[in-house]
There are 2 protein chains.
Amino acid sequence: MNPEEFRRRGHELIDWIADYRARVAEYPVMARTAPGEIRRRIPPSPPEAPEPFDGVLRDLEGIVVPGLSHWAHPMFFGYFPSNGELSSVLGDYASTGLGVLGLAWQSSPALTEIEEVVTDWLRQMLGLSNAWSGVIQDTAGTSTLVALCCAREKTSRYSFTRGGLHGEAAPLVVYASSHSHSSVEKAALLAGFGREHVRLVPHDGELAMRPDALETAMAADAAAGLRPCAVVATTGTTATTALDPIGPIARIASRHEAWLHVDAAMAGSAMILPECRWMWDGIEGAQSLVLNPHKWLGAAFDCSVYYVREPDVLIRVMSTNPSYLKTPADAVVKNFRDWGLPLGRRFRALKLWFLIREQGVSGLKARLRRDLENARWLADAVRATPPWRVLCPVPLQTVCVRHEPEGLSGEALDHHTLAWCDRINRSGQAYLTPALLGERWMVRVSIGAIATERHHVEALWRILQRAADPSVP
Amino acid sequence: MNPEEFRRRGHELIDWIADYRARVAEYPVMARTAPGEIRRRIPPSPPEAPEPFDGVLRDLEGIVVPGLSHWAHPMFFGYFPSNGELSSVLGDYASTGLGVLGLAWQSSPALTEIEEVVTDWLRQMLGLSNAWSGVIQDTAGTSTLVALCCAREKTSRYSFTRGGLHGEAAPLVVYASSHSHSSVEKAALLAGFGREHVRLVPHDGELAMRPDALETAMAADAAAGLRPCAVVATTGTTATTALDPIGPIARIASRHEAWLHVDAAMAGSAMILPECRWMWDGIEGAQSLVLNPHKWLGAAFDCSVYYVREPDVLIRVMSTNPSYLKTPADAVVKNFRDWGLPLGRRFRALKLWFLIREQGVSGLKARLRRDLENARWLADAVRATPPWRVLCPVPLQTVCVRHEPEGLSGEALDHHTLAWCDRINRSGQAYLTPALLGERWMVRVSIGAIATERHHVEALWRILQRAADPSVP
């Protein structure tokens, strides 16, 4: 496709995306297609000859859109907000259109230097000290894997330069809350620790990690000849936005010379609000932390920012320096390939740069505050309406609810909960994702899509009540 | 930014990208900015108030472009081709604009099902049997890490469910050619094998792995009580496009019950040409392979396709299934989150789908054949012009050259080589990346940017000659 055809088709696509975003509220939120239905609409073999591009664009509307669950929909309350602010989308468009790669500083200096600046902007917005250096990764799961590899190597005095984990005298142990994200255990297992050496530390009544239980577990392991290696604490767990107490955990980790990694994937965005920063009080005692601007903050997916206090450890573990990547500038620049897993890197900084500039820090703060207030409004409404219950504290934008009619408990209550949630999802009116709380299902209302205003949350509350109790008018 | 402003600004950006691509040949290929120069042009703190978007777009031209090395430039011969065909760019634009995520099939069925179809299209284009299942990852380095984690777990009978590597009776060993990509050793070290258990197998005169040396190394390890675990063979090494003999290597790996992973990151694209498939003869004996359509083939970065013959192993190693990700459809669909490292996934299939449809298989084949012919032309020209030398076989699109004037050898020759290459890069006329061949530097001419036609290669040849010998007119 030559630049002139790109110009013409690009304008068509921009118009189509603008229309899609403008009318997204008209679609059923959750896709209604059955498994295999999309697949069957596409030819099983590739076209030998070029196809007219009209048909390609037409299939966006005819094949793709019916198969989407619409994350930009104002009635999307599932999983977590994944906001691609349209200014950030344009930043990503610039990146893809330029098509440059960050293999080394020299392979496109602006890619590296704008990433340095914009991750530092974000650091300042979060109220972090200048002891932190940032780098953009794809997701929090990957960032946590990077953190655990670094922890493993630091604790083992860089066993990767010798016989690897196999050669270690004592097994290394990782600790995380039993409410930590699934990616934490996945990362620990991929990093080779083994499930027997992953401790899921008990939580308190608010589902936060209990520091006393952490201390007990670490001390017991140390006494048994194991080596406490890393603690992963979460600011805002996925199921309920519980807040592990970072300060006490940092002191315990430090005493055992263990690496503290803080997973603030979702809640980290809220730390641009000074009134929220108590939630990760003690953060300066961590060795690494991750937050995903591609969630609530509005950067187009994927944009996960990983901060470290000791870049030297990261670089030592991630470095490669083959001759074909050496450049004359290497001694005086950052080569971000040595700050994460992949060698090839997109120009991801543009989408964060565009977002922060177009919205301004004040604009981003205002939107997050709107969402926090909407969550408080919903929580209050639910609490005031038995047999509805709010099941967990609501420090952020997620409200965990259950409708508990008299006489329903145990599996019958689960059946009721999953049934009304499924009815809503299938209706297309709103999208919600249930989760287990203890052994019982509940429904998470995750507020924070850019398009979601108060009246959408009010509409959701009416939908919830009618779905759970058909007698409600 | 609302949809109407996005429409207006999007059109401006499309025009700017179209202009950029149309005029890219006018820029110096390699960025000329000094370290820190871009960084100093950006305010050190984020803007409190929103900025006018005019200024944001203006900075693309004023700040970003001067800091780019232009990978789309017809005189880009560095590293490897990273082609964002403009139709594929539009596919990526659709993905970012829709902003949906693939956490589960249900979170956007089209994202999963189009990825199933389009990776199967590519499988057919490559001449692979239908025993292979594909999934899109970000880069080959990540795919290789995934492969080595799977190999580790299969060999150790899933030690991650127990004590991890530490609990294994015998250390596991990984084998790769001494010319394998740096990401292979990085992946082995991150997966916890330890450098003492990574064998760089000697190569033959054409820089391909020697099967007899592999057999010797594996047998020696087994005899010493170690456990051969994985072999990484390369189809088209980074420095010289050497071809490890896949068939013999597969037979040896199989005899030792080791996992064979084939890294065809760059050269894999060429396997859409039947006349190139001898290069990975025996590929059906591998357990996994990776190729990067974001290199030569033209998919916008990042788009690395990882194929496996036993998805069950992959899924067992990568699976997580927390309650908040469960959906009613899970039993009958693919959840690609269990096919790689990250949980969150972009709709990457669109950029490959758009590319193949807009170009047709025939169009892609024609472009790759053009590049192969250009490489043969340059190799012939160099060979015919002493003291120039072509240093390695040229099965693909990379020509490894050196200018060897009489009397120059050793470090003096290195100095000469690096000096003329650096002169060309600094001149802005072309971009080339040197590499070590044995202990001596050479210069790689990696042909294959979409914009590169025969006359550009002819121009490069003149530039090479003048840079190496000022007396050439």
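About 340 Å³ of space sits in the second largest cavity of this predicted model, a cavity being a set of points, on a 1 Å grid over the protein atoms alone, where a 1.4 Å probe fits but cannot get out. The volume is the space filled by probe spheres set on the points, with grid points joined across faces, edges and corners. Of its 29 lining residues, A:Phe80, A:His181, A:Thr238, A:Ala265 and A:Lys295 come closest to the centre; to count as lining, a residue needs an atom within 4 Å of a point. Two or more residues each come from α6 (140–155) and β12 (440–446) of chain A, where helices (H or I, at least four residues) and strands (E, at least two) are DSSP runs numbered from the N terminus. By class, this lining has eleven nonpolar, 15 polar and three charged residues. Here Ala, Val, Leu, Ile, Met, Phe, Trp, Tyr, Cys and Pro count as nonpolar, Asp, Glu, Lys and Arg as charged, and the others, Gly among them, as polar.

As for the ground rules, this is a predicted model in which local features need pLDDT of at least 70 and side-chain atom pairs count only at pLDDT 80 or more, while totals for chains, interfaces and linings use all residues. Residues are numbered from 1 along each chain as its sequence is written, chains are lettered from A and ligands numbered from 1 in the order in which they are written, and side-chain values use heavy atoms, with hydrogens and water left out.

In total there are twelve cavities of 30 Å³ or more, and the largest has a volume of about 430 Å³. Its lining runs to 36 residues, with A:Leu343, B:His181, B:Thr238, B:Ala265 and B:Lys295 closest to the centre. They split into 16 nonpolar, 16 polar and four charged.

Then there is the largest pocket, at about 560 Å³; a pocket is an open set of points with protein on both sides within 12 Å along at least five of seven lines. It is lined by 26 residues, and A:Pro322, B:Ser178, B:Ser180, B:Ser182 and B:Glu185 lie nearest its centre. Both chains chip in: α10 (311–318) of chain A and α7 (182–190) of chain B each supply at least two residues. The largest share, five residues, comes from α7(B).

Chain A also has an open sheet of seven strands in the order β2-β8-β7-β6-β5-β3-β4, with mixed pairing; two strands pair if DSSP finds at least two bridges between them. β2 (133–137) and β4 (198–201) of chain A stand at the edges with a single partner strand each, so one side of each has no neighbour in the sheet. Inside the sheet, β5 (residues 227–234) and β6 (residues 259–263) of chain A run parallel, joined by five bridges. A:Val232 stands opposite A:His261 in β6(A).

How do the two chains relate? Chain B can be laid on chain A with an RMSD of 0.0 Å by a turn of 180 degrees and a shift of 0.0 Å along the axis, superposing by least squares on the C-alpha atoms of residues with pLDDT of at least 70 in both. The copies are thus related as by a two-fold rotation axis. In chain B, B:His166 comes closest to that axis, at 2.3 Å (C-alpha).

A few backbone oddities round things off. Most residues other than glycine have a negative phi, and most peptide bonds are trans. A cis peptide bond nonetheless joins A:Pro386 and A:Pro387, with omega about 10 degrees.
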